[in-house]
Every structure is written in structure tokens, then in C-alpha cells.
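Visitor: I'd like to learn how to read aromatic ring pairs in a model. Can we go through it together?

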Amino acid sequence: MSTRFLGFSIPTVIAAGIGLVVLIGIPLVTDTFTTFEFAAVGIFAIALMGLNLLTGYSGQISLGNGAFMAIGGYTTALMTHHLGISYWLTIPIAALVAGLFGFLFGFPALRLSGIYLALATFALALAVPPIIDIDKLEFFFLGHSGVSLHPAHPPGLLASSFSDDQWLYYVIWAIAGIMFVIAWNIVRSSTGRAFMAVRDSETAATASGISLSYYKTLAFGISAAFSGVAGSLLAIHVAYVNPDVFSLQLSLALLVGVVIGGLGFEFGPVLGALFVVWLPYLSERMSSIHIGSFQLPSKPDVFFGILLVIIIFFAPSGTMGVIMRGISWYRVRRAAARGEAVSIAPPTVMEEEAVGGEPTEITN
Amino acid sequence: LVELASSPILDFIQQVISGIAAGGVYASLALALVLIYRAMDVANFAQGEMAMFSTFVAYSLITGFHLPFAVVFPLTILIAFAGGVLIERVMIRPFEGKPIITLVIVTLALFTLTNGLAGLIWGYILKDFPSPFPAQPITFAGLYIGQQDLGLLATCLVILSIVYVFFRFTKVGLAMRAAALYPESSKLVGIRVSWMLALGWGLASAIGATAGMMIAPITFLDPYFMDPILLFAFAAAVLGGIESPLGAVLGGLLVGVLLAVVGTYLPAGQNLRIPFALVVIVAVLLIRPAGLIGRAAVKRV
């Protein structure tokens, strides 16, 4: 065994250290726009962590997590608008409200699996914006014109050392860090193991005494709570919400992100969020490239679609899957060179299914 | 017209009629969904976007090439059919036999791709899609019935009948049904199951194209115009029992009428149409998952 630090191997610790330095450094060395976009990466990472817990770990597909983001975003926007409560206090409330909605939606979702669940959540994603938009509820939701929030400022003492953007960036990533630790711990708790058991085989899970209904609704609730935090932060970050922000396209972008990042990997959401936030920007930039009279498309949707098909076909376990495979390939090579045996992590959901993995047989 | 508004019963009948007409469109798209569902156990989330794209093709043929609607209509259906077959060969075939979650993600990728491509080619500004039917309504027993509604319903019924005849009385139709129900046995008797699937996609795409061209004069045309229609078609398919073609048609008509009534008589009804479709889907799946006509799925453990 190589030397370990707090239970992590040395290369992991070094990688985490570099990641942390980059994260802290970004707002110090880049312009306002880049800082703003990287703060958005943090927000999407939180939303994707929630979707990853639901789809990647408990095996339930959701096309409707944008709706839970809407609930979180509107909780924050309306509480600050109507009641004048401070933003930061509304974040845990947004998590609770969205989580409650998710838990309640999880009940009908219980009886739905696979394709039906996809259908119901698809309907949910489409149904929330028109409800917010109802004329007669304008006194409460403020209708289509949306809710404007006051831009967030750093508190008194820190005001001189941080600009508004830098402050928001650090707060968002601090919260993303907390949510990451929560997700990490959920995955490693008995709850997380129950999620994975449900995902891998409902029959085997039931036989082991796991309550399907409890864990499936719980996964929905937790996932929605994460989305609620992300929605709340999005409202604070952009200082504005309206029904169009939480369109079907947002829900689809979340699913694209979580698949591209890698379903069932803790770090998948961070990579997925990088894609979801920066791909539209890159595709805008690429549209300024002319090849003769041919101009590259500026809309990200085309790239998203193509990228998604390529990933699903060639690397069903996403970017993280590719990275992990690269690492184990390296470890096998190194161990072989030294003549040692090496244990390799088992394949993840998508990989296993992609090669036609059989569900676990139970024999007495 | 003034007289109409004063008679709530006539007004209601009129709403029901226009609901049935719109229901014809939902029924068509629902049938397209059911065709693919029966063949590969997956809901095609891109069905609406494929119909949207076909409708844009028809729009270009009309405005760009100045072709008459009578030419554009069959031509678009042919193009949509070819497009459907092509999509199945290129994008779906590599994923045959993969888990449902993978197939769902592939159809969502197709959704994003088609939507982005349409936005790229035709832009995001709402466009007027010319109606093949006269705008002048017919008066009948004190009712004003739009010729648009009548023409739309008639077209959808003709298409649905053709599909029925095709599946019931032709050899290819029989082969397609066999391939969907018993893929292994079909292979043994020499049916090219994989190509039957491609034909199914072509057919579904062609039916969707009809639905798109029929509803576009009412809803206007932009890359998102089929999203709610797709949801209503999903509600129709689930209501009818997602495996039943007849159920899809009945479900479509019923959803059409229910949505017209909800949209007209509930406060803020227009905003509640989409949430209502969500309620229909969840309620049917909770109370009677088999739908109106479908058989309950037996889950083997």
C-alpha cells in the first residue's frame, strides 16, 4: 500500500490540491465575464449532483429537474421580494421547499418506472412555467415580467477586498463544496448503498430488505433539494428570474450535462457543468469561424445533440468514465511492469448495461 | 356571432367540435408514438421535433419554391418518411437492444439536435404557416364551424384509416406487426426485423409530418411549436393505453375535447392546458396504468 493522507491516495490529494488552487485563482486572474460564467459552473454542478444522485445512483431518469430549480429560484426571489428576507437565509428554505415538492412528486413516480417516469417528469418540466405565468396569480408570482433581485454585495468588512462578482463566485463555490461533501457522504452511507441496490436490481434490493418506496421517494426528494439550492443560487447570481429561465431546454441541458460528465461518478457533475456552461459560449465563438462561405452553427443545441450521441455510443460512462479507464489502464501497466497484481474498480451503470450486463441472479 | 355568445350550450358544442379537430392532431402524433413504442419499448421524445422539422420543410417548399399545397403535402410526407428511415438507420440502429435509459437519452439527443438544426436553418421568429383550407366558417344549425377544423379532422381521419388498412391488409404491415410482437420468431420466418423497425420510424415520421402541417396554421411555426403538442400526444397515448393504436386515437380525441373545455371554462384555462396534461398522465398511470384499452403489463420477477 502506498502512503495515504486522510484516507486518500497521494495522487488524489495532489489532484484535489491543484483543483482547489485553480478554483480559488479563477476570479483573481480572469475578467468579470469569465468569473461570472465559472460561478454558473458551480451552480450547475450542484444541480447535476442532484440529478446524479437520482439517475446515476438510484437509476431513476428525470427530465424534470429544471422544474425543481424553478421552485428553488422562485422561493428565493419571492421571499426576498415580498418579505424582504436576506438572500442567504432563503437558500436552505429553497432546498426544503423544492425537496418537499420532489418528495411529493416521488410518490406517483414510485409506481412509474423507466419510460413512464421519463414521461411524467417531461410533463412536469413543461407544466411549471405556464403555472408561474398565470395572470390571476401575478400578484404573487409577478407573471411573465419576472422578479428582479438586488445584486448581491459582499458584507461590510469584506467589501473592500472583493468585487461583487468575486464575492458571489466564492460564495457559490463554497456552497457547491458543501453540497459536494453532502453528496459524497450520501453515496457512502447506507442510504447511498440502498440507492445503488435499487438501481442495480429492484428484486435483489427488495430481497435484501430495502424498502423500494422509501428509497425511491427519498432519492427524488434529495435530488429536488439539490436542484432547489441550484435554482436559488441561479436567481441570486443573475439577480432575476422569470418563467422562461426554467424551460424544458434547461431540464434537457441538465440531463445532457449529467450524462456527458458521467453518471454515477462523484466528479461527473463538475465536468458536466463545465460542458453545459461553456459549450454554448464556445459554439458562439466558433460561429465566427468561416470556412469559405460555410459558417459553423452558433446554436449549442446542435453540438449538444451530436456530442450526446457520440458520448453515449463511444463512452457511455461519460467523461469521468474515460478518465477512470485511463487511470486504471495506467495502473495495470505499471503493476504489470512491476509484476504485481492490481484490483480494478468494477464497471459503472452505463458501462455494464452497454455491454449487456445481466442483472444479478439470486440463488438460495 | 353575438347570438352565439349568448347561448352557452351552442358555445359548448362549438368548443367540443374544435376540441375534436385538435384531437385529430394529438391522435395522429400519439399513433406515431405508439408505433415506435410497440416496436422498441421506448417513447420517442423526438417525435414532435421531427414533425416540427418536416413542417418547416413544407414551409420552405411553399414560400421558397412557391409550390401549391396539393404538391407540398404529399412531397413533405415522402421526405418525412425518408428522413425517419434515415434517422433510424444512422442514430437508432447502433443502440438496438440497449437499455431503455440509453434509448431515451438517444431520442433526447435527437430532440436537441433537430431543434437546434431547425433554429439554425429557419430561425426563432414565429412564422405564419399557410392553411390549405378556407378561413370562412360554415354555419350549421346556429353553429359556426371552421373549415380549417373540418379539413384538419378529415385529413387526420384519412391518414389514420390509411395506416389501419396498411397494417391490417398488407403483407408489409403484417410483417411489421409480427416483427414488433415476436422479433425472434419473425427472424426465423425470414422477416428482416431491423428493416421493419426502420420502416416503422419512417411511417411514424410521416404521420407526425401530417400532424405538424395540420396544426401549424393554428399554432404558428417556430422550433418549439410542437413541444406542447408532443405532451398532449403523450397524454393521449397514455390515456389510450400506450400499446394500443386504437386507444391512441380515442385518447387523442378525448384529450382534444378535455383540453378545449379546460382552456375555455377554467379560470386561467389557457395556462392550465399543459399542467392538465401532466395531471392526465399521472392520474392514468396511478389509477389505471393500462389506459382505456391497453392490457395491464405483467411484471415478471
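Guide: Sure, definition before anything else: rings of Phe, Tyr and Trp (its six-membered ring) pair if their centres lie within 6.5 Å; planes under 30 degrees apart count as stacked, over 60 as edge-to-face and the rest as tilted. Here, ring pairs link A:Tyr74, A:Phe140, A:Phe141 and A:Phe246 into a cluster. Mind that this is a predicted model, where local features need pLDDT of at least 70, side-chain atom pairs count only at pLDDT 80 or more, and totals for chains, interfaces and linings use all residues. Residues are numbered from 1 along each chain as its sequence is written, chains are lettered from A and ligands numbered from 1 in the order in which they are written, and side-chain values use heavy atoms, with hydrogens and water left out.

Visitor: How many aromatic pairs does the structure hold over all chains?

Guide: There are 27. A pair of aromatic rings is described by the distance of the centres and the angle of the planes. Take A:Phe105 and A:Phe220: 6.0 Å centre to centre and 55 degrees between the planes, hence tilted.

Visitor: Which helices do A:Phe105 and A:Phe220 lie in?

Guide: In chain A, A:Phe105 sits in helix H4 (residues 87–110) and A:Phe220 in helix H10 (residues 212–238), so the pair ties together parts 115 residues apart in sequence. Helices here are DSSP runs (H or I, at least four residues), numbered from the N terminus.

Visitor: What about A:Tyr214 and A:Tyr215?

Guide: Their ring centres are 4.9 Å apart with planes at 80 degrees, so that pair is edge-to-face.

Visitor: Is A:Tyr215 buried or exposed?

Guide: Buried, at 17% relative accessibility; the cut-off is under 20% relative accessible area, with exposed over 50% and partly exposed in between (1.4 Å probe, protein chains only). A:Tyr214, at 45%, counts as partly exposed.

Methods
Helices (H or I, at least four residues) and strands (E, at least two) are DSSP runs, numbered from the N terminus.
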